[in-house]
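Biologist: Please take a close look at a single part of the structure shown here, and then follow the chain outwards from that part to whatever it leads to. I would like one connected account rather than a list.

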Amino acid sequence: MDKFNILRCLLLGLTAVTGDQLVLNQHNAVRKALCDNVTHAVIGFITWINVHYYLGQMTFFSNRLLVQSLVCGVISSAIDVDHFIAAQSLHIKDATSLSKRPFLHCTTLPLAVALVLLLLGCHLRSATFEAFGWMLLASFLSHHIRDAARRGFWLWPFGSTVPLGSGLYISLTVLLPLLLSYGVIYTNGVFGRLKSHQATVSVV
Ligand SMILES: [Zn+2]
């Protein structure tokens, strides 16, 4: 693994650790929720950048990469809006004291939607559908992995896993872009074969 890949892994891990520390140090509920949400957004943003770097040559300043990464960050952040929908309230206290997890926190949902998008992308030969499928996975899974540190994955209708704990959560957060880039390569769709990507994952 080259030193830039190590730095990108470190950046992702450090963002997660620093974000969690910031959340822990907040005593005001609104600030706590804001720090938590911004951390999700930044991790979603960096996750997609790292997926692209593992795939190949795209530069940081590519407009498309920047827009896609921003979309991932916004989706990662917006997932928590389901707390307010489930609570039917705009008060942070109601949103954070739900008796069960709200619907966008069910990991089966993005997996199913992404699968449909990837199959559609394959059938229609559409890089846009495929890219959106992988972006959904990057934003939802990065959010769900972070939440799973304390609560596990909710895999309706199969049940839930045990909480991951900090070590496994940070490891999975760092590994997620690599796993997604392998997914892009091995499904060999139109998105993975874009000229801006290399044919192999460039981690060695
Ligand atoms: Zn959440």
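Modeller: Proline 157 sits in the loop between α7 and α8, and in this predicted model the peptide bond that joins tryptophan 156 to proline 157 is cis, with omega at about 5°. As background, most peptide bonds are trans, and most residues other than glycine have a negative phi. The loop is best read together with the two helices that it lies between, α7 (residues 127-151) and α8 (residues 165-187).

Two packed helices are described by the angle between their axes and by the distance between the axes. For α7 and α8 that angle is about 170° and the axes are 9 Å apart; since angles over 145 degrees count as roughly antiparallel, α7 and α8 are therefore roughly antiparallel to each other. The contact of α7 with α8 is made up of twelve nonpolar, four polar and one charged residues. On the α7 side the contributors include Trp134, Leu137, Leu141, Ile145 and Arg146, and on the α8 side they include Gly165, Tyr169, Leu172, Leu176 and Val184.

Helix α8 also packs against α2 (residues 29-55), at an angle of about 45° and with the axes 8 Å apart, so α2 and α8 are oblique to each other, and their crossing is right-handed. Nine nonpolar, four polar and no charged residues form the contact of α2 with α8. From α2, Ile43, Thr47, Asn50, Val51, Tyr54 and Leu55 take part, and they meet a set in α8 that includes Thr173, Leu176, Leu180 and Val184. Those four residues of α8 are also among the ones that meet α7.

One residue of that second contact deserves a closer look, namely asparagine 50, which belongs to helix α2. Asparagine 50 counts as buried because it has 23 C-beta neighbours inside 10 Å, where the cut-off for burial is 20 or more. Leaving aside residues up to four places away in sequence, asparagine 50 touches Arg8, Leu12 and Pro177. Leucine 12 is 38 residues from asparagine 50 along the chain, yet their C-alpha atoms are separated by 8.8 Å.

Going back from proline 157 to the other end of α7, the loop between α6 (108-124) and α7 holds arginine 125, whose phi is near 55°, a positive value in a residue other than glycine. Arginine 125 has 10 other C-beta atoms within 10 Å and is therefore exposed. A comparable backbone feature occurs at glutamine 88, where phi is near 50° and again positive; this residue lies in the loop between α4 and α5 (92-95), and with 8 C-beta neighbours inside 10 Å it counts as exposed.

As for the setting of these parts, the protein has eight helices and zero strands. Its radius of gyration is 17 Å, close to the 17 Å that the globule rule gives for 204 residues, so it is as compact as a globular protein of that length. Among contacts with a separation of 6 or more, 66% are between residues 24 or more positions apart, and 37% of the 204 residues count as buried.

Methods. Residues are numbered from 1 along each chain as its sequence is written. This is a predicted model: local features need pLDDT of at least 70, side-chain atom pairs count only at pLDDT 80 or more; totals for chains, interfaces and linings use all residues. The radius of gyration is taken over C-alpha atoms; the globule rule is 2.2 Å times the number of residues to the power 0.38. A residue is buried if 20 or more other C-beta atoms lie within 10 Å of its own, exposed if 12 or fewer, and partly exposed in between; C-beta atoms are placed from the backbone. Two residues are in contact if their C-beta atoms, placed from the backbone, lie within 7 Å. Axes are lines fitted to C-alpha atoms, for helices over the stretch in contact, and angles run from 0 to 180 degrees between N-to-C directions. Angles under 35 degrees count as roughly parallel, over 145 as roughly antiparallel, 65 to 115 as roughly perpendicular and the rest as oblique. A crossing is left-handed if the near helix is turned anticlockwise from the far one by less than a right angle, and right-handed if clockwise. Ala, Val, Leu, Ile, Met, Phe, Trp, Tyr, Cys and Pro count as nonpolar, Asp, Glu, Lys and Arg as charged, and the others, Gly among them, as polar.
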